[in-house]
Amino acid sequence: MRLVTKLNVALVGVVAVSAVLNFATLRLAVLPSFSALEEQAAERNQSRVLDAIQLQKDQVASSAGDYAIWDDTYDFIKGLASTYEEKNVTAESLKTLGVNYFVAIDVAGKVVLDSGFAFNADEPRPLKLLSTGRLPPGSPLLSSLTNVDIRSSLLKTSEGLAVIGISPILRSDRSGTQMGTLVLGRLLDMNAIRSATRVDFDLLATSTFPTRPLAESAGTVDRIDPLLGPDGRALAMIRSHTTRDITALGEQTILTTLLLLLAGATILLLALGVILRHIVIRRIEMLRSHLLSVAAAGHLDPMPEDGKGDELSETVISFNEMADQLDELRDRLRRQDYDHGAADEAAGLLHNVRNALSPISVVAWGLAKANAAPWKQNVTKALDQLNEPGLGSDRAAKLQQFVAMSSARLMDEDRARQEEVGSLVAMLRHVDDILKEQDRSAQRDRVLDDVDIAISLRNALPLIEHRRGITVDVSELRSLSALGHRVPLEQVLDNLIVNAAEAIEASGAGAGRVRIAARRVEDAAGNASVVLTVSDDGVGIDTDNRVRLFEKGFTTKSGGKRGVGLHWCANAVNAMGGRLSVESEGPQRGATFKIILPAALSRRDAA
């Protein structure tokens, strides 16, 4: 992705993040204020409905007090006014009074009069408020005999909810004893309340009463309150609906504000892009064009300086200084390249030859030590005694038996020496192969051949077979073919196996195991490789040394060794198209060297 594209993406990203943050801020900080206003509006609407109902309750209670505290009503309850009902409890009088029910109850709870009318048709329809002719003591519809208390409440009737007024029956001057209770009732006209309050509401059964008095839906905010009867229990729930106009207005305001912010950010973005193009991008493109021309031509030509005195100008100056220095260093490197290449090749050759000669000296030392064994001198002395005159027969028989046993031992040792001589010959041939391979590599480029991993390892194993306490585990070694150079690969294996043995000896444990394994793997694309591992349980490698292990000249060994082996091994494996790596869990935890080479095609795959 080009720098201009990255800057544009970054600027657009900043604007997008800013828009998201602004939107989130407005939604979280401003919109709740609109929601709170809607909740307040819902509270006010619910209050208007409840106030309208309360107003009707107060009106009915006032009418109940006027009729109950009246001498005519008092005499009617006593049975002294026979024309009371005919004059006062007619359809015309109740309609004029604005009530639907007129109930008179004496102090014993007997219903003396229960009359009423419904006015929702052309002709008044008779109604009754109570379903029984006597109220039980303690009924909430009865007035207290001790207190003159005019009350109002709601009552559920067969026609629906009604507001009622409850008043004790007394004389007009409030003298005398209370003679009973007068109850006036008016059916609630919901449509009239809706018209008066301009609030949309409905009644709910108590079984559907929600747990929260305030509920929100997609289009309205609902406020719910109970309507209580004279006994304090809820008769129904009144639910008012307040449309979410304020929230809709708030969301529209937020959207308008956000669009204005985006428009301003877009203008700012365009202006910033033009400024960056003039100050930075154009000059960076000039620098890139010059670098591409340098890469194409190979000449470190200096760049023209613009003299603007900023960081880009300083970069141009630094580039010109670096170009001069690199031009000088390139001439030096050309002169030193040949000498260094020859020195590296010679160092690698000497290191490999030294590793190959080391077991030869061990075998030769063993042969020399075997010839100086004390029992061989005893054989010479026994032969001299057998030649002495006058030797007794018993002594001669014992000497002859000793000579015969020694001869058999000599024959066994001779066979062992022949095997060791054969090993010496193979080792010398290995040295000769190293020298021949070095000569061939100096004359031509190597061609990758099929190399049998198991055979190459068997050629390298004699290097550590004579070391005490070293056990070699090849149980997981497979006969696999890889593409590589046989002799350099064997030299790499020589180095890795000798290093593993030396790591075990340096650990101080006295004994250890070298595990060698090979397996064939395939990647997702079907490319096959051979993975060869050489593991030991020796001194291990710490993290810092593991990073630098394949650097030229780096070594963890003492004794003046130059650290060429692993550096040369890595280069040799790379030349075969492979890779050499090392893994270790740390000091005293052993190490595992891994060689990955391309797998050779089998005859079936090649066909």
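**Exercise 1. Describe how helix 10 packs against helix 12 in this predicted model.**

Helix 10 passes helix 12 in a right-handed crossing. The structure used here is a predicted model.

Step 1. Locate the two elements. Helix 10 covers residues 453–460, and helix 12 covers residues 486–506.

Step 2. Take the geometry. Two packed helices are described by the angle between their axes and the distance between the axes. For helix 10 and helix 12 the angle is about 55°, and the axes lie 9 Å apart.

Step 3. Classify the angle. Under 35 degrees would be roughly parallel, and 65 to 115 roughly perpendicular. Helix 10 and helix 12 are therefore oblique to each other.

**Exercise 2. List the residues that meet between helix 10 and helix 12, and sort them by character.**

Step 1. Helix 10 contributes I453, S456, L457, N459 and A460.

Step 2. On the helix 12 side are R486, L489, E490, L493, D494 and I497.

Step 3. Sort the residues of this contact. There are 6 nonpolar, 2 polar and 3 charged.

**Exercise 3. Where is R198, and is R198 buried or exposed?**

Step 1. Check the backbone. Phi of R198 is near 55°, a positive value in a residue that is not glycine.

Step 2. Place the residue. R198 sits in the loop between helix 5 (190–197) and strand 7 (200–204).

Step 3. Apply the cut-off. Exposed means over 50% relative accessible area. R198 has 78%, so R198 is exposed.

**Exercise 4. Treat Q588 by the steps of backbone, place and exposure.**

Step 1. Q588 is not a glycine, yet its phi is positive, about 65°.

Step 2. The loop between strand 16 (579–583) and strand 17 (591–598) holds Q588.

Step 3. The relative accessible area of Q588 is 53%, so Q588 is exposed.

Methods
Residues are numbered from 1 along each chain as its sequence is written. This is a predicted model: local features need pLDDT of at least 70, side-chain atom pairs count only at pLDDT 80 or more; totals for chains, interfaces and linings use all residues. Side-chain values use heavy atoms; hydrogens and water are left out. Axes are lines fitted to C-alpha atoms, for helices over the stretch in contact, and angles run from 0 to 180 degrees between N-to-C directions. Helices (H or I, at least four residues) and strands (E, at least two) are DSSP runs, numbered from the N terminus. Angles under 35 degrees count as roughly parallel, over 145 as roughly antiparallel, 65 to 115 as roughly perpendicular and the rest as oblique. A crossing is left-handed if the near helix is turned anticlockwise from the far one by less than a right angle, and right-handed if clockwise. Contact means heavy atoms within 4.5 Å. Ala, Val, Leu, Ile, Met, Phe, Trp, Tyr, Cys and Pro count as nonpolar, Asp, Glu, Lys and Arg as charged, and the others, Gly among them, as polar. Buried means under 20% relative accessible area, exposed over 50%, partly exposed in between (1.4 Å probe, protein chains only).
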